[in-house]
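User: Hello! I would like a close look at one part of this protein, set in the context of the whole chain. Could you walk me through how its helices pack?

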Amino acid sequence: MKTSNPVLARLGQAAERERSAGYAPTGPYGQPGYPQQYPTEAGYPAAPPTVNTMSIDDVVVKTVTLLGILGVSAAAAWVLVPDALLGAAWIGAAVVGLVLGLIISFSRMANPALVVAYAVVEGVFVGMVSKFFNSLYDGIVVQAVTATFGVFFVMAMLYKAKVIRATPKFVKGMIAVMAGLFAVMLINLVFALFGVNTGLRDGSPLAIGFSLVCIVVASLSFVLSFKEVEDGVRMGLPQRYSWVAAFGILVSLVWLYIEILRLLSYFQGDD
């Protein structure tokens, strides 16, 4: 089963290597993943151990688990980190989270420990950002969380109803757009460190427009994640790869939440 997702393609290759090494995958409920029979009579090797393949239920459970870890980490950071260290914790968690995210994204093997570590670090980042904005605009965090999950469920329903499809052109276009936005945000951050205001994050009409673009792209990125899950199930990836799929959903949720939080702050700046 081919896929237009380059990361998922690498995961498929890794799974194929595992099969070649002598692991016979089984379905999520124990059914055989492949019809090949392995002789066990005298003189033949024993049947290779089976490996359960990922299912949609696995991804749902892993996603909820990661969200729970992120939530606990965010709450702990909010309560335990003093205001004097808020900025340092914010920046430190952002940098560490970026590094872990890149390692997970480009790694050819699923590593649940790294994914869980990412959720913990992102929890600190989200907690610090939320605490800062909530200190300026009381109640904005609840609004942002509600809007984030509202958008997620709407996108899930649209994808299930096949209103939005992850065609090869759509996937390639989304990857290009997200890479471009990442580059723009990185350049803007560098300019900000040197005191240069590009107008992308200052509440101006340009900043509002940029945040709206980011929100739209972050919302559409869920389509890539849903497609990744479907392809992973069809390709018979080992069950632990559900952590990678859940990681993709978590990344989009955090990005969407931060952009919604920022956008809401623009409209409350004069209160």
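What follows is a look at one helix and its partners, with the rest of the chain as background.

How does helix α2 pack against helix α4 and helix α8, at what angles and through which residues?

Analyst: Happy to help! Please keep in mind that this is a predicted model.

Some background on the chain comes first. Its secondary structure comes to eight helices and two strands, arranged along the sequence as α-β-β-α-α-α-α-α-α-α. The chain has 271 residues, and 41% of them are buried. Among contacts with a separation of 6 or more, 84% are between residues 24 or more positions apart.

Now to α2, which spans residues 56–80. The unreviewed UniProt entry carries the annotation "transmembrane region" for several stretches, including residues 59–81, 113–133 and 241–258. It is worth having those ranges at hand while going through the partners of α2.

Let us take α4 as a partner of α2. Helix α4 covers residues 112–136, and its axis is 7 Å from that of α2, at an angle of about 45 degrees. The two helices are therefore oblique to each other. The handedness of the crossing of α2 with α4 is right-handed. Sorted by class, the residues in this contact are 13 nonpolar, five polar and two charged.

One residue of α4 deserves a closer look: Asn 134 is found in this helix. Is Asn 134 buried or exposed? Its relative accessible area is 19%, and because the cut-off for buried is under 20%, Asn 134 counts as buried. Setting aside neighbours within four places in sequence, Asn 134 is in contact with Trp 78, Gly 139, Ile 140 and Val 141. Trp 78 lies within the 56–80 span of α2, while Ile 140 and Val 141 belong to the span of helix α5, residues 140–160.

The other partner of α2 is helix α8, made of residues 242–266. Here the axes are 8 Å apart and the packing angle is about 50 degrees. That angle makes α2 oblique to α8, and their crossing is right-handed. On the α2 side, the contact is made by Asp 58, Val 59, Lys 62, Thr 63, Thr 65, Leu 66, Leu 67 and Leu 70. Facing them from α8 are Ser 242, Trp 243, Ala 245, Ala 246, Phe 247, Ile 249, Leu 250, Leu 253 and Val 254. By class, the contact of α2 with α8 divides into twelve nonpolar, three polar and two charged residues.

For a view away from α2, we can turn to helix α5 and its packing with helix α7, residues 205–235. The axes of α5 and α7 come within 9 Å and cross at roughly 50 degrees, which makes this pair oblique. The crossing of α5 and α7 is right-handed. From α5 the contact uses Val 151, Phe 152, Met 155, Ala 156 and Tyr 159, and from α7 it uses Ser 219, Leu 220, Phe 222, Val 223, Phe 226, Lys 227 and Glu 230. Nine of the residues in the contact of α5 with α7 are nonpolar, one is polar and two are charged.

The annotation also covers residues 139–159. Over that stretch the chain is 95% helix and 0% strand, with the end C-alpha atoms 31 Å apart. Another annotated span, residues 171–194, is 96% helix and 0% strand, and its end C-alpha atoms lie 35 Å apart.

Technical notes. Residues numbered from 1 in each chain as written. Predicted model: local features only at pLDDT ≥ 70, side-chain atom pairs only at ≥ 80, totals over all residues. Heavy atoms only, no water. Axes fitted to C-alpha atoms, helices over the stretch in contact; angles between N-to-C directions. Helix = DSSP H or I, 4+ residues; strand = E, 2+ residues; numbered from the N terminus. Parallel < 35°, antiparallel > 145°, perpendicular 65-115°, else oblique. Left-handed = near helix turned anticlockwise from the far one by under 90°. Nonpolar A, V, L, I, M, F, W, Y, C, P; charged D, E, K, R; others polar. UniProt positions renumbered as here; feature names shortened; annotations may be inferred. Buried < 20%, exposed > 50% of the residue type's maximum accessible area, 1.4 Å probe, protein only. Contact = heavy atoms within 4.5 Å.
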